[in-house]
Amino acid sequence: MSGTDRKYWFALPVRPAELTRADIARFAYPVSWKGSALLLGTVLVPILLMLLAAPLMIALPDWAIYVALAVLVLAPVLGGILLIRSLTDPQRSIDDYRAEKKRIRDGLPPA
């Protein structure tokens, strides 16, 4: 699959040519429903896992259990971050996607 026909789920806050060191730390913006779902899952899954693990943590006061639960909670977060980075468009910014969406909404062909 070439870079031109790949469907990205996220876009950078600015164009890559204008990217500064401060922009790299900013988060990618979702440009499709799949991106929004991935972002939501990356946030909600660890919260739900901690809520499910809380009774276990109270019942078993062993530090090894806490370490295992921390790894279990961090795994989906790290996986989500890696997926977000791999599905971010390296060529176009969020403004480019918004302009294209506006053109389509106005009945014009995409640029």
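In this predicted model, Asp89 sits in strand β3, which spans residues 88-93. Asp89 is an acidic residue that ends up buried without a salt bridge. The nearest side chain of opposite charge belongs to Arg92, and that one is 4.3 Å away. Since a salt bridge needs a nitrogen within 4 Å of a carboxyl oxygen, the Arg92 side chain at 4.3 Å from Asp89 does not make the cut. What Asp89 does have is a backbone partner: a polar atom of its side chain lies 2.9 Å from the backbone nitrogen of Gln91. Setting aside neighbours within four places in sequence, the contacts of Asp89 are Tyr8, Phe10, Leu12 and Tyr97.

Arg92 has its own company. Its side chain meets that of Glu100 in a salt bridge, at 2.4 Å from N to O, and Arg92 also lies over the face of Tyr97, 4.0 Å from the ring centre. Tyr97 thus turns up here as well as among the contacts of Asp89. Both ends of the Arg92 to Glu100 bridge are partly exposed, with relative accessibility at 28% for Arg92 and 24% for Glu100. As for rings meeting rings, the structure holds zero aromatic pairs.

A search of the whole structure turns up three salt bridges. Besides the one just described, Arg98 and Asp95 are joined at 3.8 Å, N to O. These two both belong to helix α4 and sit three residues apart, about one turn of the helix. Asp106 and Lys102 make another bridge, at 2.9 Å from N to O. Partly exposed residues feature here too: Asp95 has a relative accessible area of 41%, Lys102 comes in at 45% and Asp106 at 47%.

Helix α4 covers residues 94-105, and Ile94 is part of it. Ile94 counts as buried because its relative accessibility is just 7%. Apart from neighbours within four places in sequence, Ile94 is in contact with Ala11, Leu12, Pro13, Tyr29, Pro30 and Val31. Pro30 is 64 residues away along the chain, yet its C-alpha atom is separated from that of Ile94 by 8.4 Å. Leu12 appears in the contact lists of both Asp89 and Ile94.

Zooming out, the protein has four helices and three strands, which run β-α-β-α-α-β-α from the N terminus on. Of its 111 residues, 21% count as buried. Among contacts between residues at least 6 apart in sequence, 60% join residues at least 24 apart.

Conventions:
Residues numbered from 1 in each chain as written. Predicted model: local features only at pLDDT ≥ 70, side-chain atom pairs only at ≥ 80, totals over all residues. Heavy atoms only, no water. Buried < 20%, exposed > 50% of the residue type's maximum accessible area, 1.4 Å probe, protein only. Lys, Arg positive; Asp, Glu negative; His and termini not counted. Polar contact = N/O pair within 3.5 Å; in protein donor to acceptor, adjacent residues only side chain to side chain. Contact = heavy atoms within 4.5 Å. Phe/Tyr/Trp six-rings, centres within 6.5 Å; stacked < 30°, edge-to-face > 60°. Lys NZ or Arg CZ within 6 Å of the ring centre and 35° of its normal.
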